[in-house]
Structures are given as structure tokens and as C-alpha cells.
Amino acid sequence: MIIKILNKLKTDYFYSKRRLNKLSKEQLLAILRHDCHRIEKSVYNNIFQSKRKYFEDKLEKVRLIISILKQKNLYSNEHPVIHWAEQIEHNFHHLENEFIHVYKTEPPKEINYKKAEQLISDFKIRRSCRVWNEKQSAEDELKAFALQMIDAARWAPNSGNRQAWKFSIITEPEKRFLLKGLKEKHCYSAPLLIFAGMDSRFYSPAYHLKDCLFIDAGAAIMQMVNIANSAGFGVCWNHLSEDLIKSRRQNIDAYKRFCKALSIPDYVKPVAIVSVGIAEFLPPVPARLDIQELVINH
């Protein structure tokens, strides 16, 4: 009971007008995304009416954030999040008819099992590549493809619509080699690296959401990996979270140099480095457990 009260006090402070006024545009938009998402999904979760007061409070916070953005000259009705939030705010009292039914899309007419089989076949040929061909794509082509990978990442499912992902595209050898001593050669020798981190400010301090942070990161990274694989690139997902960084003094120093060179702020929690390039070969297929061994109580 005491813990619940303390958590509520933390939440009330975190979302108070005084606190909101101190937040950056990025943080305000994250809260806006989160609360509008909760309002919207309450309709098709059939809890909107039974918890109407709760969602009315959310609505007031949405309005407050929009007013703060206007006061700080950070407002633009062309920004996709603000535009979406204002649609929900405007249609709040008729969300089902004026928003959900207007913007929903119909599901496929039939289930396509063959398409699922094809996707599984594609997944099966994905390997974690660690040997790179001497001949690689041009740097500008790699940077353009990195943006495609990030485009795939931003459509990944994520907790509370926070969209807390932060990426850095790295092609310059002097920046890639800053990972020497922290990561293995196969990682930093790849022609393209994408740093994947999470904006920890987007997760309320009132709740234990560190697991959500890594789940959200993993979903986005896997979409990046699959896009690279589908294009024919070799790709490897490399661990780069704080347990590795803090395991040795030299790792801490190496990561600090890396962050300084790439202007990665302290509030971005590191998760992974995705290395991409034309592979010299695909490694042998590792044995996978049988499906029945993965299913509980089948």
C-alpha cells in the first residue's frame, strides 16, 4: 500500500504542470504519444466508459502539453504526433465514430499461410555474419540503406507507443574503430554500424519499466536485421548494453570516447551495435531446438 502511494506521488509530480514545463520537446511528445495511445485503445478495449474519469484526466494532460508546446514556440500542427494528438483531443467525446471508424483499415480477406511459410524460409537463411568481403557498397549507398533499416525499426511494436529508439549511423573507420577493445573485430570492421539505444527519459520513474526498454529495443533491432537480410546484406546483432560496458574499466573508458565522438547523450541507454556489410560467406547453420521443445504443455 505504501509503495502504491509513493508511486502515485512520483507519477503526479512527473506529470504536473510544473514538471511538464521543465521537459524537452522530445519528452513532451513522448508523453503525448503515450497518453493518446492509451485513450485511443481504451475504445476497442471496451474500458473507455467504465474508466471515463481516468481518460478525461489524460485528455486534460494532452491539452496541457499542447499548450506548453505553443507557449515554448515548439508547436507545429504539421508534426505527425501533434496532428494525431489533436485529432484524438478534438474527437474525444465521439472517438469510436469520429476517429476509430474513420481511420481504421480492414484486415486481409483471407489468411495466407504460404506467405507465412515464405517469411519463415527467409528467416531460416539469416545468419550472424562476422567475415566481410573486401568489396563493399559505396559509403553513400550504405548510409541510405541504414535509413531504410531505421525506417523498418520505427514501425516495430513498442510499449505504450513511446518510440524511444535512438540510432547513430557509423561508416567512418575512425569512429568504428573506437569500439576496438570493447567489441570484437568482426563488429567494428564492418563497413556500416548502427548504434541502437533507448531514450530512458521516456519511461516513467514511477514504474519498473527497464524490461520494457529492452523489449522495445529488441523488437526494433530485429526488424532492422530482417530488412538487411532480405536485401542480401550480411548482418550481425552485437551486444552493447551496460552490463558489458561496466564489466571492465577499459570498457567504460572506451564507451565514453565512443559517446563523445558520436554525441550520444547520457540519457540514451545503449543496447546494441548492428554491423552490416557484404558478407564473405554465410556461416554454417547452427542446430536449432525442435519446435516441441519450445512449447510448454503442448
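Here are five short exercises with worked solutions on this structure, which is a predicted model.

**Exercise 1. Find out how the four strands are arranged in their sheet, and which strands stand at the edges.**

Step 1. Start with the order: the strands run S1-S2-S4-S3 across an open sheet, and their pairing is antiparallel.

Step 2. Now look at the two ends of that order. S1 and strand S3 (234-239) each have a single partner strand, so one side of each is left without a neighbour in the sheet.

Step 3. Add the twist, which averages 20° from one strand to the next.

**Exercise 2. Follow strand S2 (residues 192-199) and work out which strands it pairs with, and over how many bridges.**

Step 1. On one side, six bridges join S2 to S1, and the two run antiparallel.

Step 2. S2 also pairs with strand S4 (residues 268-277), again in the antiparallel sense, over eight bridges.

Step 3. Zoom in on single residues. Phenylalanine 167 is opposite alanine 196 of S2, while lysine 166 is opposite glycine 197 of S2. Alanine 196 also stands opposite alanine 272 in S4.

Step 4. Is S2 buried or exposed? Eight of its eight residues are buried. One face holds Leu192, Ile194, Ala196 and Met198, the other Leu193, Phe195, Gly197 and Asp199, and both faces are covered.

**Exercise 3. Describe the largest pocket: its volume, its lining and the elements that supply it.**

Step 1. The space in the largest pocket comes to about 690 Å³.

Step 2. It is lined by 20 residues, and those closest to its centre are Arg33, Val81, Arg154, Asn161 and Gln163.

Step 3. Next, sort the lining by class: 10 residues are nonpolar, five are polar and five are charged.

Step 4. Which elements take part? Helix H3 (25-44), helix H5 (80-90) and strand S1 (165-170) each supply at least two lining residues. H3 gives the most, with five.

**Exercise 4. Count the cavities of 30 Å³ or more, then describe the second largest.**

Step 1. The structure holds two cavities of that size.

Step 2. The second largest cavity has about 30 Å³ of space.

Step 3. Its lining is made up of Trp165, Phe167, Ala196, Gly197, Met198, Ala217, Ala220, Ile221 and Val271. S1, S2 and helix H11 (210-231) each supply at least two of the lining residues.

Step 4. By class, the lining of this cavity has eight nonpolar residues, one polar and no charged.

**Exercise 5. Decide whether the cysteines form disulfides, and describe the surroundings of cysteine 187 and cysteine 259.**

Step 1. Recall the bond in question: a disulfide is a covalent bond between the sulfur atoms of two cysteines.

Step 2. Searching the whole structure gives zero disulfides. Cysteine 187 is in none, and the nearest cysteine sulfur, in cysteine 236, is 7.3 Å away. The cut-off for a disulfide is a pair of sulfur atoms within 2.5 Å.

Step 3. Turn to cysteine 259. Its closest cysteine sulfur belongs to cysteine 187 and is 14 Å away, too far for a bond.

Step 4. Check the burial of both residues, using the cut-off of under 20% relative accessible area. Cysteine 187 has a relative accessible area of 0%, so it is buried. Cysteine 259, with 11%, is buried too.

Notes:
Residues are numbered from 1 along each chain as its sequence is written. This is a predicted model: local features need pLDDT of at least 70, side-chain atom pairs count only at pLDDT 80 or more; totals for chains, interfaces and linings use all residues. Side-chain values use heavy atoms; hydrogens and water are left out. On a 1 Å grid over the protein atoms alone, a cavity is a set of points where a 1.4 Å probe fits but cannot get out, and a pocket is an open set with protein on both sides within 12 Å along at least five of seven lines; lining residues have an atom within 4 Å of a point. Grid points are joined across faces, edges and corners, and a volume is the space filled by probe spheres set on the points. Ala, Val, Leu, Ile, Met, Phe, Trp, Tyr, Cys and Pro count as nonpolar, Asp, Glu, Lys and Arg as charged, and the others, Gly among them, as polar. Buried means under 20% relative accessible area, exposed over 50%, partly exposed in between (1.4 Å probe, protein chains only). Two strands pair if DSSP finds at least two bridges between them. Axes are lines fitted to C-alpha atoms, for helices over the stretch in contact, and angles run from 0 to 180 degrees between N-to-C directions.
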